[in-house]
Amino acid sequence: MTNDDIKSLLRKEAEAVLNIPVTAGYEEAVNLIVKYVHKGNGRLITSGMGKAGQIAMNIATTFSSTGTPAYFLHPSEAQHGDLGLIRESDIMLLISNSGRTRELVELMELTCGLAPDMQFIVITGNPESPLAKDATVCLLTGNPAEVCALGLTPTTSTTVMTVIGDILVVKTMQTIGFTNKEYAKRHHGGYLGSKSRKQSQEE
């Protein structure tokens, strides 16, 4: 692989990020998270299968470390009792590139049976999918082509999912006025913990 090949891959990934559709859905999603988690004492529940599930897990940990209580719920484990973690005051963030992932479609249906008024934020590349159509708010990835040589392995799609998650985290932090002091309370260890404590003392 040459440097030109690598630069070409970087351009494709960067273009995919720049082509993420920007809609009012972002503001709606953040407002829902603030309403249910910060004003309603609920939690943000994220879920996804496979690579999308790993992204959902990362988003949950990032939200938790920045003042928004969140956890990852594995859609398969949910069918074996973990669904009992869900409360009516919670809100869900589901991630599926196809929007047809069977386990997530079933999770949405099962959740509605337990908490009929549950609000769903969905990140997907398919606006015509079951998850997109039943979502309270749907955030589209732009359905970019994967940079994988086979066009199959989740690569570019997971990049844009991660970026969308980052946007939700950052906009929520701004909305709730999250500070260095609050960050230090949740992230004591390591370089970031030390840096946040130092910055909080300077505020």
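**Close-up views of a predicted model**

In β2, Ala 70 is the bridge partner of Leu 44. The legends below describe parts of a predicted model.

**Figure 1. Strand β1 and its pairing with β2.** Strands β1 and β2 pair in the parallel sense, over 3 bridges. The pair of Leu 44 with Ala 70 in β2 belongs to this view. Are the residues of β1 buried or exposed? Of the 5 residues of β1, 5 are buried, so the strand is largely enclosed by the rest of the structure. The side chains of β1 point in two ways: Leu 44, Thr 46 and Gly 48 go one way, Ile 45 and Ser 47 go the other way, and all are buried.

**Figure 2. The open sheet of 5 strands.** The strands are arranged in the order β2-β1-β3-β4-β5, and their pairing is parallel. Which strands are the edge strands? They are β2 (70-72) and β5 (137-140), each of which pairs on one side only. On average, and with direction ignored, neighbouring strands of the sheet are turned by 20° against each other. Strands of a sheet pair through backbone hydrogen bonds, and the pairing can be either parallel or antiparallel.

**Figure 3. Edge strand β5 beside β4.** Strand β4 (residues 120-124) pairs with β5 in the parallel sense, over 4 bridges. Ile 123 stands opposite Leu 139 in β5, and the bridge partner of Val 122 in β5 is Cys 138. Side chains alternate along β5. Val 137 and Leu 139 point to one face and are buried. Cys 138 and Leu 140 point to the other face and are not buried.

**Figure 4. Helices α2 and α5 on the sheet.** Helix α2 (residues 25-38) lies across four strands: β1 (44-48), β3 (91-95), β4 and β5. Helix α2 runs at about 135° to β5. Helix α5 (residues 102-114) also packs on the sheet, where it touches β1, β3 and β4. The direction of α5 makes about 165° with that of β3.

**Figure 5. Helix α3 against helix α7.** Two packed helices are described by the angle between their axes and the distance between the axes. The axes of α3 (residues 50-65) and α7 (residues 156-176) come within 10 Å and cross at roughly 20°. The two helices are therefore roughly parallel to each other, as angles under 35 degrees count as roughly parallel. The crossing of α3 past α7 is right-handed. Which residues make the contact? From α3 they are Lys 51, Ala 52, Ile 55, Ile 59, Thr 62 and Phe 63. From α7 they are Thr 158, Met 161, Thr 162, Gly 165, Leu 168, Val 169 and Thr 172. Sorted by class, the residues in the contact of α3 with α7 are 7 nonpolar, 5 polar and 1 charged.

**Figure 6. Helix α1 against helix α7.** Helix α1 (residues 3-18) packs with α7 at an angle of about 45°, and their axes are 9 Å apart. Helices α1 and α7 are therefore oblique to each other. Their crossing is right-handed. In the contact, α1 contributes Glu 13, Ala 16 and Val 17, and α7 contributes Thr 156, Thr 159, Val 160 and Val 163. How many residues of each class does the contact of α1 with α7 have? The contact has 4 nonpolar, 2 polar and 1 charged residues.

**Figure 7. Asn 41 in a loop.** Asn 41 lies in the loop between α2 and β1. Phi of Asn 41 is near 60°, which is a positive value in a residue other than glycine. Is Asn 41 buried or exposed? Asn 41 has a relative accessible area of 63% and is exposed.

**Figure 8. Asn 143 and its contacts.** Where does Asn 143 lie? Asn 143 is in the loop between β5 and α7. Its phi is near 50°, a positive value in a residue other than glycine. Asn 143 is partly exposed, with a relative accessible area of 46%. Leaving out residues up to four places away in sequence, Asn 143 touches Asn 97 and Gly 125. Lys 133 is 10 residues from Asn 143 along the chain, and the C-alpha atoms of the two are separated by 16 Å.

Conventions: Residues are numbered from 1 along each chain as its sequence is written. This is a predicted model: local features need pLDDT of at least 70, side-chain atom pairs count only at pLDDT 80 or more; totals for chains, interfaces and linings use all residues. Side-chain values use heavy atoms; hydrogens and water are left out. Axes are lines fitted to C-alpha atoms, for helices over the stretch in contact, and angles run from 0 to 180 degrees between N-to-C directions. Angles under 35 degrees count as roughly parallel, over 145 as roughly antiparallel, 65 to 115 as roughly perpendicular and the rest as oblique. A crossing is left-handed if the near helix is turned anticlockwise from the far one by less than a right angle, and right-handed if clockwise. Contact means heavy atoms within 4.5 Å. Ala, Val, Leu, Ile, Met, Phe, Trp, Tyr, Cys and Pro count as nonpolar, Asp, Glu, Lys and Arg as charged, and the others, Gly among them, as polar. Two strands pair if DSSP finds at least two bridges between them. Buried means under 20% relative accessible area, exposed over 50%, partly exposed in between (1.4 Å probe, protein chains only).
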